[in-house]
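Thanks, everyone. I'll keep this short: cavities, then sheets. Have the model open while I talk.

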Amino acid sequence: MRRLSFILALLLTIGFVLVLEHPEWVSSQPIPRLGQFMSPFTGFWKNATPQSYFFRKETIQDQHLTAPVSVQTDTLDVPHIFAQNMDDAIYVQGYLTARDRLWQMDFSARATEGRLAELFGERLIPYDTQQRRLGLSRAAHDAIAEWKKIPENLHLVERYCDGVNAYIDQLKQGELPIEFKLMGYHPEPWTPYRVALLFKAMAKTLNYGHDDIELTNLRSVLGQKAFDLLYPEYNPLQKPVVPDQGQWDSLKVRLAAKYPNRMDTIKIDSLLTSANPLPKQHPGIGSNNWAVAGQKTKSGKPILCNDPHLSLTFPSIWYMLQIHTPEVNSMGVSLAGIPAIIIGFNEQVAWGVTNVGQDVMDWYRIHWTNQNHTRYLLDGEEIPVRIVRDTILVKGKKPVILETKLTHWGPVVYDQDNQPYHGMAMKWLSNLPSTTFELNAFFGLMKAKNYKDYVQAAQHFTHPAQNLIFASNSGDIAIRVQGIFPIKKPEQGRFIQDGSQSKNDWLGFIPQDEIPQLKNPKRGFVFSANQNSTPPSYPYYYNGGFSDYRCRSIYDQLTKMSHITVQDMMQLQNDDYSYKAADALPLMLAALDTSELKPGAFPLINRLQNWNYHFQKDSLEPVLFTVWFNKLKERTWDEITQLPDSIAVFYPEDWRTIALMSDTTHNYFDMAFTEEIEDFSAIATLSFGDMMETLAEKITRRNYHWKDYNNPSINHLARLTPFSRKGINMNGQKNTINAIHGGVGPSWRMIVELTNPVKAYGVFPGGSSGNPGSIYYDNMVENWAAGKYYQLLFLKNLDMTAQQAFIKTEVFE
């Protein structure tokens, strides 16, 4: 009997091991070969790391280096690279980034290229299909072809790739990042093409705005007069990046002579379309930056601040480092997988970026001339499409062959029902051939010494367009709306256009000396917060999606400030005051008909009446306002919500809804499905009741607060819950300067005071390491959430002791 039990146990053990090694026998889902994953020699155990390195120095010697490179790592695990030349420094940057972030780099490149189905199976085919149709891979190949025209441009990219591959080549199975083991695949060599892919990924994140389908539908349904009232292009309450100071007067005269037809109207599509728009940018994507002149600071020197708002992920999107050579000494953050420092400073200057938000993706209706949609009409002629065939590999399934049709305008992304007008092609600036080597902008900024160097470096950057801010220790501050921008006719790009006429194309691109820019204004500061680049008086037309509230907060506070300190800037970056709430709530409260409310409403009204409009984590009032405002919009815009689900539309912007609250000349507060004629008072009262009903259970708990509703989170890049952080305890909202909204928020906070020596402070929601088993995976999250900063260790030489490596946490009160 004992022998039989042993044999049965042995058989069960053998079976268990076989299943671990062949998971496809028991599941069609992509799970790792658990035998390998659990191995004590090559499995996840090998990813455990010491709790802290404290401080370490190392020398990297390699046959590909012209001289040994010293790397000193501080207590934040931030590497400080000391090399004899830039070639070697960038090589080591690639090596160290791969050591800390290899899986992130590889996965991001695969996702951009549209190659996730080969890892996760058929459920990712739609995602891969969309990525292939958008043309990001084709655009990356085109960029490399342009970079190769000047070999010295490509050289530093190749050196970075050499460093990455040197690390990959010596990597053993047990040293693979844990995600490779979980997903059962290996990293691919890093190439300039993959660097270009990540550039295109950032373009998709930042200049992918497009409302053509929704606005075309709304204009068709509402009529021109109502559309113009509800969907104006410019919010007069905002403060533009570059104000009109008369600097464009002569430009207006020149443009009238150069483009006599520039103000002609374009032929706009008026057909309703049932096309489902491509996924949009997250509404929290954006950023803040500002620079204050010495005339407003306590030290008498400029202070520059930047906090880009992006998706919060593990590993962090940013990788902090210092690069020191005889010609360059620069520190800041890079994008994992791309060489150079993107946001940072050196001993003389500092720079930062925010997204511009102008629309550079336009849609054109294609008029097919045959049933299989391979020929289309352009200027009276039949033009054949160019067909690009892609093979999508699918884990556990046969490959999928994808055909994408390319037209004069770009790829055909929508093509429905074999109807002649149901094809739509996309013209996207990020798909056009590169005209410069974009990385030269950042290599130039790393070694810049003054305003002239800043301007020269900036002009290499084309897309995604950024508000590139600058400050120097000589006292200059400046900002440029930097990028290449199409010359458009009025309203071109707001609506679907007629793709049968080439005259509907862009007229060209705005010259670099005519883009909006501002240097040393009398007010003593420059700033941006994703608002309009200019007022409507700027002579070139543009459209897009712009933020309305953060710019007002920053402008008003900087205007009032004097004797500014670093601590003042820390407090401003973490400000949670909402101009949206301050604009809307008094009107909403004044309109309430309290006789129509339930008794339980009065304590809530009292709380809102005494609220200071700050979105603080432990407050209930922000929840009450947010839900009430959203319910009010639902009742107000019933004309829009009642449209069929197949017709893509959206509500008017919040600032416009608020403006209409005090306007009695319209009837939009009357609900179409009732016999009564409602006004704003009725809608405000009814929606307050809706809010009470929605939050009834949560309010009675007495422990429900803004942090629970907003739920700030940092998700793992592959959405692996054990490697994510949910429910982070912090203040702020997407319309406050501290713009935290779910999984989007300040991905890097930096403050640089340009004294001698320069003093810099920073923090981001993560750590240097991409390894969930490392203390440096998320070691900065708590201080980031609390509004604390680290004083950055910016070295001038190699003589650093362990005591000097200790990083101090600065706390604002």
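Start with the lining of the largest cavity. Its residues split into 13 nonpolar, five polar and no charged. Remember that this is a predicted model.

How many residues line the largest cavity? The count is 18. Met202, Leu206, Ile342, Val353 and Gln466 lie nearest its centre. Click on those five residues if you want to find the spot.

Where does the lining come from? Four elements each supply at least two residues. One is helix 9, residues 192–206. The others are strand 4 (286–292), strand 5 (303–311) and strand 10 (349–355).

Now the volume. The largest cavity holds about 220 Å³ of space. And how many cavities reach 30 Å³ or more? There are eight. A general word on the idea: a probe the size of a water molecule is rolled over the atoms, and that shows where empty space is left.

On to the sheets. One is an open sheet of ten strands. Read the order as 1-2-3-7-8-9-10-18-19-21. Pairing in this sheet is mixed. Its edges are strand 1 (56–60) and strand 21 (517–519), and each of these pairs on one side only. From one strand to the next, the twist averages 15°.

Take one edge of that sheet. Strand 1 pairs with strand 2, residues 69–73. The sense is antiparallel, over five bridges. Within this pair, threonine 59 has serine 70 in strand 2 as its bridge partner.

What packs on the sheet? Helix 13 does. It touches strand 7 (318–324), strand 8 (329–335), strand 9 (343–346), strand 10 and strand 18 (466–472). The helix direction makes about 150° with that of strand 10. Strand 10, recall, also supplies residues to the cavity lining.

Is helix 13 mostly covered or mostly open? Mostly covered. It spans residues 439–446, and seven of its eight residues are buried. Here is the buried set: Leu439, Ala441, Phe442, Phe443, Gly444, Leu445 and Met446.

Next, an open sheet of four strands. The order is 16-17-11-20, again with mixed pairing. Strand 16 (412–415) and strand 20 (497–498) are the edge strands, each pairing on one side only.

Which way do strand 11 and strand 20 run, parallel or antiparallel? Parallel, with two bridges joining them. Strand 11 covers residues 361–366. Look for tyrosine 364, which stands opposite glutamine 497 in strand 20.

That's my tour. Over to you.

Technical notes. Residues are numbered from 1 along each chain as its sequence is written. This is a predicted model: local features need pLDDT of at least 70, side-chain atom pairs count only at pLDDT 80 or more; totals for chains, interfaces and linings use all residues. Side-chain values use heavy atoms; hydrogens and water are left out. On a 1 Å grid over the protein atoms alone, a cavity is a set of points where a 1.4 Å probe fits but cannot get out, and a pocket is an open set with protein on both sides within 12 Å along at least five of seven lines; lining residues have an atom within 4 Å of a point. Grid points are joined across faces, edges and corners, and a volume is the space filled by probe spheres set on the points. Ala, Val, Leu, Ile, Met, Phe, Trp, Tyr, Cys and Pro count as nonpolar, Asp, Glu, Lys and Arg as charged, and the others, Gly among them, as polar. Buried means under 20% relative accessible area, exposed over 50%, partly exposed in between (1.4 Å probe, protein chains only). Two strands pair if DSSP finds at least two bridges between them. Axes are lines fitted to C-alpha atoms, for helices over the stretch in contact, and angles run from 0 to 180 degrees between N-to-C directions. Contact means heavy atoms within 4.5 Å.
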